[in-house]
Amino acid sequence: MASDTPRWDQEIRRRLESAGLDPARESEIVRELSQHLDDRFAELRSVGVDVADARRRTLAELDEHEMMTRELSRVERLESSSAVLGDTRRQPLLAGFWQDVRYGARSLRSTPGFTAVAVVTLALGIGATTAIFSVVDSMLLRPLTADPDGRVVRVHRLNVRPGAGSVESRTRGWSPGVSSIRNWQQQHRDVFEAIGAWGGGTLTLLDVDPVERVSATAVMPQLLRVFDSRPAAAGRLFVEDDTNQPVAVISHDAWHRRFGGDPGVIGRSIRALEGSRVIIGVLPPGFPFQTRTDFWIPLKITDRMADDGWGGNVLARLRPGVTVEQARDAMAYERRQRTGTGGVVMDESISILSMHEQAVRYSRQTLYFLLGGVGCLLLISCVNVAGLLIARGSGRRREVAIRASLGAGRSRLIRQLLTESLLLSALGGVAGLVLGSWLMTMMVGFLPINVPADMRPALSLRLFGFCTLASVCTGFLFGLLPAVGLARTDLSSSTKPGRSDMVGGVSRSGRLLVTAEVALALILLVGAGLMIRSLQRLLSIDSGFDVHHALIVEVSPVLTADDPAVSTRVEAFYQQLVERLASLPGVTAVGAISSLPYWSYSADAATVDNDVKVQISPRQILPGYFAAVGMPLRAGRDVSNADRAGAPCVVVVNEEFVRRSQLDAAPLGHRVKAGRQREWCEIVGVVANVRHVSLEDDVFAEVYYAARQTGVRELAIVMRAEDPSSLAAAVRTRIANLPERTLIERIAPFEQLIDRTTSTRRNRALLFSILGGLGVLLASIGIFGLTAYAVSRRTREIGVRVALGATPRLVLRGVMRDFVPAIACGIGLGLFGAWAATRTLEQFLFGVTPHDPVTLAAVSLLLLAFGLLASYLPARRALRIDPVIALRSE
Amino acid sequence: MHDRELKKGSAELLILSLLEGRQRHGYEIGKQIEARSEGTLRFSAAALYPLLYRLEKRGWLEGRWIEKSGQRRRRYYRITSSGRKILAEQRNAWQAFVAAINRVAGLERI
């Protein structure tokens, strides 16, 4: 550019002044025009025109500036209307989108109350859904850390008994015997890369103080190869010859934590109550299976384990390319019929299940159900926000009509309104993600399913994706109906001031939304109601124990198994302890039992001397147990200290045993023989039934042996006192004063046992109650909003009616008339929906049918009450309307 | 008056035709019209730019600021696909119009 070129900007601006352009647009035009003038000026100068003349002739380009400003303002008015809502065809899509976003943001900022309620509503829906989805993601969608490529399977033997009932209820799983496993190791090298068994175990470490009991995983040597093919980090891993040898492998973590990573640990001996072991190796770092196990020991293989059903777990690693189905086919020859006890012919087969499936199969249904529940909640949020948008939209009809008259097409209007909804749902989504990730960590403890440690939910890309998708879908879902309704605005009627477009109150779509909201909330409430009723039923079951006045003390003497007098010393230990604890003030009874209620149980077949065979659950007790847990003695006596080794064997049975063994007339004095080795034992007492195994199961036939006759390694002590929890400290002191070294595992109120067995149902009821409660809350907010809006729209009409002498009741009825049928309709629809949905709920219920009339009636009434209240509160405002002000309101 | 109205009516056709082959900036469009009509048709900046903006608003043109090396940023105009359709229509219409005028005015031999 030549240096003598004048600046044209001022000249151009002066001429554009009257066009009234948008400042940004004006500068752009000024820039373009001044470039044009520069070019013209340069051209004139290049042909020898002098500066002054060139300047004059250049400015002549703008001579017709009146026409220019007129034209520009005409064109740019088009521009300004399209900036709000122009025609899509006239500008690139993205530019239009940003305009919409900016416009939407402005519009949301101008109604902060509405925006806040809508965002909170959406955040609740999206947050809850995201939280539940995070668990679905971590449990169902993500591969196991122990098995990232999905090649580890569990191999199990199944027996299906003939008879009525579902296949599941007739199926029993058995762990395959060790001889089968060894066979398969040889035969199926083309299917399994490695196959082995493992079982749980404990090591009571004596070289630490106090004595520490840790879990030790017992494995067949090949099992380690199922998860990891790397060599040992130090020393070596198990080989076949290690079976039944006193050796151990430690985890890499334990190596560093317990032994400071000392390579000299190999060959070192660890002293344990269960027998000392020599450390032979360290697992490679990050070994993926049983990550919290410090000590690994070879599985002790006894003769009994050659057969099926020894209680271990068999895992195998499939060769690359081998599918689970192919493995099943390869094992199909194992399918056969087998004659079990009592001549029952059972179908026997091998089940092969991926480890992942094994881990989640009992949780899947619950998770889907929860997902359905939060989905309902999300839908309610959508409906709610749609209602809010409709209410708000009616106030915007004039604005929309003006835009439409400026040339915005209907699709363009809908696009703008939808962008606004998406903006709202994006805000809700961000808030929901924050809420969801908080809920995610908080919720895990309250889930009615077992979430394994390596399946804890975590933030992931998929979770972000889900949250985004949920937000976008919600945005469309709640935005479309109001947007279409609004875009259909009739220009002529809406632009006239003072005309209310919905003279009758709330629109049909508003009533539709209330119906939908109520129906969805009812479904959630029915779910919650049924869960609560199930829990109630469960809690109302009399366990048979007096749970409030008992304390459990799990303690064992530290006595090595190689001590020749171990059984006598154990017996003496408990005898002494029971006596010492009984002398504590406030203690009214002390006893002990081999396995606590709801903890574990064993089953055995027993023969009674009248030749009746009964399936029993045997337990060993010390005298005083019945009194300590509050089990009344129905006949005969408790076992006594005189019932010791050498004395004739005696047992106490429960009423159920008496019934099943058909000894109703006089059970005392009859004899019973259980298991393979036991001698005949005389029934000396009958106690009341208790639910020892689980609250939900039927009462078992139980036989209580005198522990001093059968000999037992560990017992749990139960003490009875008015205030059991206050005793814990005194109990500890008494135990500490014993001459033996002891291992205290637990001192806790007896109630804890019941809590543990009911926790799944409690959590389920809690979670569904929260969902139901949120559903009702959101639905109420929705109804409240729509009523309040209807009242505000009808201020004038109500004013007229009040002025003409309408009673408050009539006015109220007039306002609520719109909603009561909608609420009733929603309840009807919801009942129908719940009726359909509860069929899947059945499996989670206890003691109630899915169509429990009490629950259905109660939740319907509750929802009706909330619905009426939510519409009554804003309707009451109508009564306070001053007719004079109302008539002036427009 | 006639001059102005005639120019305005045909201007759209002129501009679209000029942009058919390549994108051009405003000054270049003005110069091209002047050159190709051998000086008969001339648009001042005041007439040309509102026209360009109007066509752009209708979606027939697309204007973009482009920086070419060694030059300053300029607003270049490019014909859009709907602009091409309009161009074809206007050419036909113009042809028919000119033919009709010619026939009526006796400029065409029968």
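This report describes chain A of a predicted model, moving from the whole chain to one helix, one strand, two loop residues and the contact with chain B.

Chain A is built from 29 helices and 24 strands, and of its 890 residues 42% count as buried. When contacts with a separation of 6 or more are considered, 83% of those in chain A join residues that lie 24 or more positions apart.

Among the helices, α24 of chain A runs over residues 751-793 and holds 43 residues; from its first C-alpha to its last this helix reaches 58 Å, which is close to the 63 Å expected at 1.5 Å a residue. The helix α24(A) also bends, by about 55 degrees, at T758(A).

The strand β10 (295-298) of chain A can be followed residue by residue. In a regular strand the side chains alternate between the two faces of the sheet. In β10(A), F295(A) and I297(A) point one way, whereas W296(A) and P298(A) point the other way, and all are buried. This strand pairs with β5 (residues 212-219) of chain A in the parallel sense, over four bridges, and within that pairing T217(A) has W296(A) as its bridge partner. With β7 (residues 247-250) of chain A, the strand β10(A) pairs in the antiparallel sense over two bridges, and here I250(A) stands opposite F295(A).

Two loop residues of chain A have a positive phi although they are not glycine, as the table sets out.

| Residue | Phi | Loop in chain A |
|---|---|---|
| Q290(A) | near 45 degrees | between β9 (277-282) and β10 (295-298) |
| Q662(A) | near 55 degrees | between α21 (655-660) and β20 (671-674) |

Are these residues buried or exposed? Q290(A) has 17 other C-beta atoms within 10 Å and is therefore partly exposed, while Q662(A) counts as exposed because it has 12 C-beta neighbours inside 10 Å, and a residue with 12 or fewer is placed in that class.

Finally, chain A touches chain B through a contact that takes 20 residues from chain A and 15 residues from chain B. On the side of chain A that touches chain B, the helices α2 (23-46) and α4 (65-85) each supply at least two residues, and α4(A) gives the most, with eight residues. Sorted by class, that side of chain A has eight nonpolar, three polar and nine charged residues.

Note on methods:
Residues are numbered from 1 along each chain as its sequence is written. Chains are lettered from A and ligands numbered from 1 in the order in which they are written. This is a predicted model: local features need pLDDT of at least 70, side-chain atom pairs count only at pLDDT 80 or more; totals for chains, interfaces and linings use all residues. A residue is buried if 20 or more other C-beta atoms lie within 10 Å of its own, exposed if 12 or fewer, and partly exposed in between; C-beta atoms are placed from the backbone. Two residues are in contact if their C-beta atoms, placed from the backbone, lie within 7 Å. The expected span of a helix is 1.5 Å times one less than its number of residues. The bend at a residue is the angle between axes fitted to the seven residues ending there and the seven starting there. Ala, Val, Leu, Ile, Met, Phe, Trp, Tyr, Cys and Pro count as nonpolar, Asp, Glu, Lys and Arg as charged, and the others, Gly among them, as polar. Two strands pair if DSSP finds at least two bridges between them.
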